[in-house]
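Dear colleague,

I am handing over the structure that we talked about, and I would ask you to keep it open while you read the notes that follow.

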Amino acid sequence: MRIRNSAKAVIVKDGKLLAIKLQENNSTYYTLPGGGQEHGENLHQALERECMEEIGAKVEIGELIFVREYIGKNHEFSARHAHAQQTEFMFLCRVHQDSFDNGSNPDTGQSGIEWIPIKELLNFKLYPQAMRPQLISYFNGERAATYLGDIN
């Protein structure tokens, strides 16, 4: 079984986080833009490609701020993801536009892109949900761990 790498964009502007809105089984949830690294790509190249595919935007990639592992058998989606294992590298990014359309290759179930106020993150089903307090702390200027481990 192989471990997959994934690069994610943490894009914040005017106190709001850019998130992909998804609809599945009559439920709405959010994720960060980004996705799996392909053979021959470095993490920055993967993130640039994924952001064009999902949000149709070129990103300026900054520092690595969080590393999260996802071991599928340990999470609420274990029935579907029991064999999945992924390491996610989350980079602070910037964009130079305010509105977005789904990109050229949106995620399955992707219904749009939204700006979510950081101080209201706990009111949104943003995955991984255990990362929401980390994001709030980070953007409040508080100390936040870089390595988050296998969190939901």
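In this predicted model, the side chains of R49 and E50 meet in a salt bridge, with 3.1 Å between N and O. Both partners lie out of the solvent in the sense used here, since R49 is buried and E50 is buried as well. For R49 the relative accessible area is 17%, and buried means under 20%. The pair does not stand alone, for salt bridges that share partners join E38, E41, R49, E50 and E53 into one network.

Another bridge of R49 runs to E38, where the closest N and O atoms are 3.6 Å apart. This pair links distant parts of the chain, as E38 sits in the loop between β4 (34-36) and α1 (43-55), whereas R49 belongs to helix α1, 11 residues away. Unlike the buried R49, E38 counts as partly exposed, with a relative accessibility of 45%.

In total, the structure holds seven salt bridges, and one of them that you may like to look up joins K21 to E114, with the closest N and O atoms 3.1 Å apart. Because K21 lies in strand β2 (residues 16-24) and E114 in strand β7 (residues 110-117), this pair ties together parts that are 93 residues apart in sequence. Both residues are partly exposed, K21 at 22% relative accessibility and E114 at 25%. As for charge over the whole protein chain, there are 16 positive and 20 negative side chains, and the centres of these two sets lie 3 Å apart.

Next comes a residue from the interior. M90 has its place in strand β6 (residues 85-94), and it counts as buried because its relative accessibility is 0%. Which residues are in contact with M90, leaving aside its neighbours within four places in sequence? They are K8, V10, L32, E63, L64, I65, F66, R68 and M131. One of these contacts, L32, is 58 residues from M90 along the chain, and the C-alpha atoms of the two are separated by 8.9 Å.

Helix α3 (residues 132-139) also has an inward side to look at, with R132, L135, I136 and S137 as its buried residues. An α-helix has 3.6 residues a turn, so residues three or four places apart point the same way. The buried residues of α3 pack against three strands, namely β1 (4-13), β2 and β5 (60-71). After the helix comes G141, whose phi is positive, near 80 degrees.

Finally, here is the chain as a whole. Its secondary structure comes to three helices and eight strands, and from the N terminus on the elements run β-β-β-β-α-β-α-β-β-α-β. The radius of gyration is 15 Å, close to the 15 Å that the globule rule gives for 152 residues, so the protein chain is as compact as a globular protein of that length. Taken along the principal axes, the C-alpha atoms fill a box of roughly 40 × 35 × 35 Å. Buried residues make up 45% of the 152 residues, while the accessible surface comes to about 8300 Å², of which 45% belongs to carbon and sulfur atoms. Among the contacts with a separation of 6 or more, 68% are between residues 24 or more positions apart.

With best wishes

Key:
Residues numbered from 1 in each chain as written. Predicted model: local features only at pLDDT ≥ 70, side-chain atom pairs only at ≥ 80, totals over all residues. Heavy atoms only, no water. Salt bridge = Lys/Arg side-chain N within 4 Å of Asp/Glu carboxyl O. Helix = DSSP H or I, 4+ residues; strand = E, 2+ residues; numbered from the N terminus. Buried < 20%, exposed > 50% of the residue type's maximum accessible area, 1.4 Å probe, protein only. Rg over C-alpha atoms; globule rule 2.2 N^0.38 Å. Contact = heavy atoms within 4.5 Å. Areas by Shrake-Rupley, 256 points an atom, 1.4 Å probe, with all protein chains shown as cover. Lys, Arg positive; Asp, Glu negative; His and termini not counted. Charge placed at Lys NZ, Arg CZ, Asp CG, Glu CD.
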